Amino acid sequence: MTKTKVLIIGSGPAGFTAAIYAARAALEPILICGMQPGGQLTITTDVENYPGFAKPIQGPQLMQAMEAQAVHVGAKLVYDYVERVEIANKPFRAFTSSGDVYEADTVIICTGAEAKWLGLKSEQEFQGFGVSGCATCDGFFFKNKEVVVVGGGNTAVEEALFLTNHVSKVYLVHRRNELRAEKILQDRLFANKKVIPIWNHVLNEVVGTKDPKSVTGVHLKDVTSGQIKEIACEGVFIAIGHKPNTDIFKGVVDMDSEGYIITSPGSTKTSVEGVFAAGDVQDKIYRQAITAAGTGCMAALEADKYLRGL
């Protein structure tokens, strides 16, 4: 069994930032990186909105820099996966897939969230090369171009509306003949001349070139007739929601109906004293690398304050 004052679970911007701040506070944190060190940014190409980089930086590059910084200031990184936690009693315990057990005085949960995907082979093939799950992150790269947004809820409508600030046309593809989004959002959407709804269709395939890899269009399937039609576009945004990676914390800390961990207002404190949550695992509004990093910093500072009060 390995003991630590601060155990950080998850290694996106929130996890690495928490590790950096905890290490600099001489707390000797252990960060369990999980199966995909770096989180969602490892499948992102150009990152243009993270402060400090005059030119776009590749997502994996940015995460490698954060990882190196965490190690440099003294954080211990473990490349393993947490399968189970015990935080009803102190000290807290985390059990990993390799069989190791970690005992901690505080835990910072930074397991993130992931965009829900349709599961198409072509969708996966062009991910990061025209297919995206985040309009705020990637919309700028489609200036004056035509794009497709797939979905019918608040996420899809918000993404479509945001994209109209950059693109020339947005095709909103929905499997039904009406949206599930809030009425006020629908009113804004239908009032925008850049948005063209395509009802009763689903995305059947993303098409494009392989060298250089880029999207040139989509094949849409009519759910009633089964007929396929092609639409030319340069970007595809899958907007069917996000799923927080919180399965192992169910019944352990308080969550909302969507599985996001509930934290106290203006804080990263969870319902369990000494357990904190940062990043997309508790943020379903902003979902940006910079906000995740900010809450990672908050969590480390709050963990430090908690430990000093013991």
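Exposed, in this talk, stands for a relative accessible area over 50%, buried for under 20%, and partly exposed for what falls in between, with a 1.4 Å probe and protein chains only. By that rule Lys 3, at 65% relative accessibility, is exposed.

Some background. The model is a predicted one: local features need pLDDT of at least 70 and side-chain atom pairs count only at pLDDT 80 or more, while totals for chains, interfaces and linings use all residues. Residues are numbered from 1 along each chain as its sequence is written, and side-chain values use heavy atoms, with hydrogens and water left out.

Salt bridges next. The term covers a side-chain nitrogen of Lys or Arg within 4 Å of a carboxyl oxygen of Asp or Glu. Searching the whole structure gives 12 salt bridges. One of them joins Glu 103 to Lys 3, at 3.8 Å from N to O. Glu 103 sits in strand 8 (residues 101-109) and Lys 3 in strand 1 (residues 2-9), 100 residues apart, and the pair links these distant parts of the chain. Strands here are DSSP runs of E with at least two residues, helices are runs of H or I with at least four, and both are numbered from the N terminus. Unlike exposed Lys 3, Glu 103 is buried, at 11%. Both belong to a network of salt bridges that includes Arg 93.

A second pair is Glu 258 with Lys 284, at 2.7 Å from N to O. Glu 258 is in the loop between strand 18 (242-244) and strand 19 (275-277), and Lys 284 is in the loop between strand 19 and helix 7 (289-309), so this salt bridge ties together parts 26 residues apart in sequence. Glu 258 is partly exposed at 48%, and Lys 284 is partly exposed at 34%.

Now the cysteines. A disulfide is counted when two cysteine sulfur atoms lie within 2.5 Å. How many disulfides does a search of the whole structure find? It finds one, between Cys 134 and Cys 137, with sulfur atoms 2.1 Å apart. The torsion about their S-S bond is about 75°, so the disulfide is right-handed. Cys 134 is buried at 15%, while Cys 137 is partly exposed at 27%.

Why is Cys 110 not bonded to Cys 33? The sulfur of Cys 33 is the closest cysteine sulfur to that of Cys 110, but at 11 Å it is too far for a bond. Cys 110 is buried, at 5%.
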